[in-house]
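Trainee: Could you take me slowly through one part of this model, and then show me how the metal site is put together? I would like to follow the reasoning step by step.

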Amino acid sequence: MRKFDSIIKSGTIITAADTFEGDIGIKDEKIIQIGLNLEDKEAKIIDAKGKYVMPGGIDPHTHMDMPFGGTHASDDFNTGTVAAACGGTTTIVDFSIQSKGKTLKETAAIWREKADGNAVIDYGIHLNITDMNDDILEEIPTMIKEGYPSFKLFMTYDGMRVTDYILMKTLKKVHENGGLTSVHAENYHAIKYFTEKLKAEGKVEPKYHAVSRPDIVEGEAAGRAIKLAKLCGTPLYIVHNSCEESASEIKRAREAGYPIMGETCPQYLVLSYDNYEEPGFEGAKYVMSPPLRNKSNWPYMWKALAKNTVQLVATDHCPFFMKQKELGKEFFGKIPNGAPGVELRMALMYTYGVGGNNFDLQRFVQITSTNAAKIFGMYPKKGTIAVGSDADIVIFNPHIEKTVTKEMLHENVDYTPYEGMKLKGYPEVTISRGKVIAENGKFTGEKGYGKFIKRKAPMII
Ligand code: URP
Ligand code: ZN
Ligand code: ZN
């Protein structure tokens, strides 16, 4: 009998804790041995000499096929996960959005229907509650037991936002049952005030989206959510921190010993408000919430990522074609919010994070994979290279140089916000549960290969 199905040979293995030379033996979708000179004449040999062998990327913040502002995000679970795979990501956790009147069970079922049989990599599903009542609250324990331990609430967006009262009820209930609550932190009323004012003044171009949501709008909501979590005695995770105003709230809370965690995204580290000043309607490419910030935030945000103020980098991948963005041609408030990013997360973080001397290879693995697995209940099945873990691996070539073009990407959208950026270091081979699913920028996997991950209790890190 064959000892291994495949062996990844002679790579430099990088985990959240170590760097060492070795081989990885894979059998039945799992890593079964790590060592030197592993042999099996019948096994498929994957040569990794001179390359980094790292845990496959985990992106815990995507919006495949998300309904927004009368349209839908243009990547579905098939196209979006193909793009993720080609970019070195082997797991996503996507946000299911509760429609008015739907139960959480129904919401999860709707998202499973989108994902099951379509995704090419494994996936978990967060429950994004928009319509809370006592019955929904009572569903939370069951949903956690069924593998949906993470919940999100919007503090802004008409039709989806919840009150502070609902936030507190959710924080408590989720925590009591072993789950984790996240928030999209922006102050709804301040945004409404600025949006109305700008519109009345005829300031309707895409850049005013950013003007309507200044940094303090985010910092205030993040600080308030943290205080509510303190009052409830619960942990809290804050998604897509874009600026010092919000990240400093997390820092202060963590330094005082509170279990507050969060993420940032590549766009807040390498893009800025200046992008909104691009000519014509080009600024619409960057309309997302929170918006891109002044560059002066970059050093703080890189440091926040390096020093564990925020624990990971997610993409908030939520693409819309320019035709869809044109829903807001006359008024920024109607531009669907979101931008693509799932395919470039690993390369951007390597180039500008490791290459930019912002952190080392261990931190790279922590923020792109291990910490997401820990926080969102998938560790050590996912997020590490260890005997017994799923063989979700990326072979990363630190020498590949590329200039980003839309054409090289697989995302189902007609632009990339990163067009023209220089990259040094790119994923070469992506392996999902032992199977090579992408190689040299080409997808080699199959539709429906991805499995739903029944996630466990979150870890506070
Ligand atoms: O602009 C964004 N971020 N769109 C996706 C929905 C969200 O708020 O995460
Ligand atoms: Zn959000
Ligand atoms: Zn999002």
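Mentor: In this predicted model, N397 sits in strand β16, which covers residues 393-403. Its relative accessible area is 10%, and because anything under 20% counts as buried, N397 is a buried residue. A polar atom of the N397 side chain lies 2.8 Å from the backbone nitrogen of H399, and this distance falls within the 3.5 Å allowed for a polar contact. If we set aside the neighbours within four places in sequence, N397 is in contact with K51, G425, Y426 and E428, so you can look for heavy atoms of these residues within 4.5 Å of it.

Let us now turn to the metal site. The zinc ion (ligand 2) is coordinated at 2.1 Å by the ND1 atom of H184 and the NE2 atom of H240. Of these two histidines, H184 belongs to strand β12 (residues 180-184) and H240 to strand β13 (residues 236-241), so the pair ties together parts that lie 56 residues apart in sequence. Both can be described as buried, since H184 has a relative accessible area of 1% and H240 has a relative accessibility of 2%. Around the zinc ion (ligand 2) there are 4 donor atoms, and the angles they subtend run from 57 to 149°, which makes the arrangement irregular. To be called tetrahedral, four donors would need all their angles between 85 and 135 degrees. Finally, the zinc ion (ligand 2) and the zinc ion (ligand 3) are separated by 3.6 Å.

Definitions and conventions: Residues are numbered from 1 along each chain as its sequence is written. Chains are lettered from A and ligands numbered from 1 in the order in which they are written. This is a predicted model: local features need pLDDT of at least 70, side-chain atom pairs count only at pLDDT 80 or more; totals for chains, interfaces and linings use all residues. Side-chain values use heavy atoms; hydrogens and water are left out. Donors are N, O and S atoms within 2.8 Å of the metal (3.2 Å for Na, K and Ca); water is not among the atoms, so sites may look incomplete. Four donors count as tetrahedral if all angles lie between 85 and 135 degrees; four count as square planar and six as octahedral if opposite donors are over 155 degrees apart and all others between 65 and 115; anything else is irregular. Helices (H or I, at least four residues) and strands (E, at least two) are DSSP runs, numbered from the N terminus. Buried means under 20% relative accessible area, exposed over 50%, partly exposed in between (1.4 Å probe, protein chains only). A polar contact is a pair of N or O atoms within 3.5 Å; within protein, one must be able to donate a hydrogen and the other to accept it, and residues adjacent in sequence count only if both atoms are side-chain atoms.
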